[in-house]
Amino acid sequence: MAAQILDGKKLSAEIRAKIKDETAALREKGIVPGLAVILVGENPASKVYVGQKEKGCLEAGFASFLHRLPSSTSQQELLGLINRLNADASVHGILVQLPLPPQIDPDTVLAAIRPEKDVDGFHPVNIGRLAAGLPACEPCTPKGIMRLLRTTGIPLPGKEAVVIGRSNIVGKPVALMLLAESATVTICHSRTKDLVDHVRRADIVVAAIGKPRFVTADMVKEGAVVIDVGINRLEEGLVGDVDYAPVSEKASWITPVPGGVGPMTIAMLLENTLEQARKS
Ligand code: NDP
């Protein structure tokens with residue numbers, strides 16, 4: 001049976017419409033949610049992502065503060081800007097677009113953002129709070145994945161969830177969130193032995209690897225929910241980490257690429273920023 005589509009484009013549009021309404025109400029009280037985005041250098045993919053974030057802000061009625069810095073920017077200069085934004089009451093969220101040029105240490109920079117303005121959810125305090133099961137500013141892509149999973153109506157407690165990938169921005173936090181929902185979670189990575197055996201047991205597969213069509217139909221259990229986080233730019237266009245057509249013949253639910261997880265990431269960024277503005 002063909003899988004049902006987990007339509008991130010549609011869900012994200014619904015969430016963004018709600019954010020827009022809530023923003024209008026907040027603006028009437030004199031509060032304008034403000035997101036500062038810092039782009040250092042000329043990375044073409046980063047420019048695209050930053051453009052999407054700026055467009056999302058403006059559509060929602062937010063103030064968007066875009067800081068474009070040259071690739072020669074020093075770490076001190078960037079930290080100086082972050083300190084100014086930390087102290088600026090009109091800025092509720094600060095996002096530093098990664099990757100950064102080699103002279104800048106991303107860990108130092110991310111740790112310099114005030115945790116309550118860390119709308120990307122990458123600050124060690126927010127990661128720690130997430131790990132401890134405390135309220136945190138949650139990272140956007142994993143938060144968007146959980147929101148998509150919720151729309152399936154499938155109860156997560158006791159489900160076998162296999163996350164492929166252990167990055168700080170996707171794999172690890174989504175594994176923590178699945179664990180918080182009482183799924184039984186396995187994290188696979190490049191050193192995992194018998195990866196196929198792990199994935200075949202999974203009721204829920206999250207693929208966050210960055211390798212086109214890595215997850216093939218023979219690896220997926222009949223009826224599994226398959227979340228494809230991968231964005232791979234090939235000549236034929238954007239391709240996920242899942243071999244979509246054959247896997248969708250076996251899965252019960254699947255996210256397309258594009259139009260699955262990607263649009264949810266920006267919706268969650270806007271939601272995190274709105275939450276911080278509400279608290280201000
Ligand atoms: P990283 O490169 O940081 O991490 C990739 C992970 O995949 C690593 O943990 C790595 O293992 C693992 N991996 C690599 N090769 C294999 C293999 N052969 N077998 C098993 N595991 C393997 O990537 P990200 O987490 O940042 O991103 C993953 C994908 O998701 C990318 O395509 C990225 O573009 C996309 N992405 C999409 C977003 C969206 O909004 N839709 C947002 C963020 C990312 P190890 O740790 O051992 O090296």
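This report describes the sheet of a predicted model and the helices that pack in it.

## Basis

The model is predicted, with local features requiring pLDDT of at least 70 and side-chain atom pairs counting only at pLDDT 80 or more, while totals for chains, interfaces and linings use all residues. Residues are numbered from 1 along each chain as its sequence is written, and side-chain values use heavy atoms, without hydrogens and water.

## The sheet

Three strands (DSSP runs of E, at least two residues, numbered from the N terminus) form an open sheet of 3 strands in the order β3-β2-β4, with parallel pairing, where pairing requires at least two DSSP bridges between two strands. Because β3 (63-69) and β4 (93-96) each have a single partner strand, they stand at the edges, and one side of each is left without a neighbour in the sheet. From one strand to the next, the twist averages 15°.

Strand β2 (residues 34-40) is joined to β3 in the parallel sense over 7 bridges, and Gly 34 stands opposite Ala 63 in β3.

## The helices

Helix α3 (residues 75-87; helices are DSSP runs of H or I, at least four residues) lies across β2, β3 and β4 and runs at about 180° to β2, angles being taken from 0 to 180 degrees between N-to-C directions of axes fitted to C-alpha atoms, for helices over the stretch in contact.

Helix α1 (residues 8-28) packs with helix α2 (residues 44-60) at an angle of about 50°, their axes 8 Å apart, and the two are therefore oblique to each other (neither under 35 degrees, nor over 145, nor 65 to 115). In this contact (heavy atoms within 4.5 Å), Arg 16, Ile 19, Lys 20 and Thr 23 of α1 meet Gly 56, Glu 59 and Ala 60 of α2.
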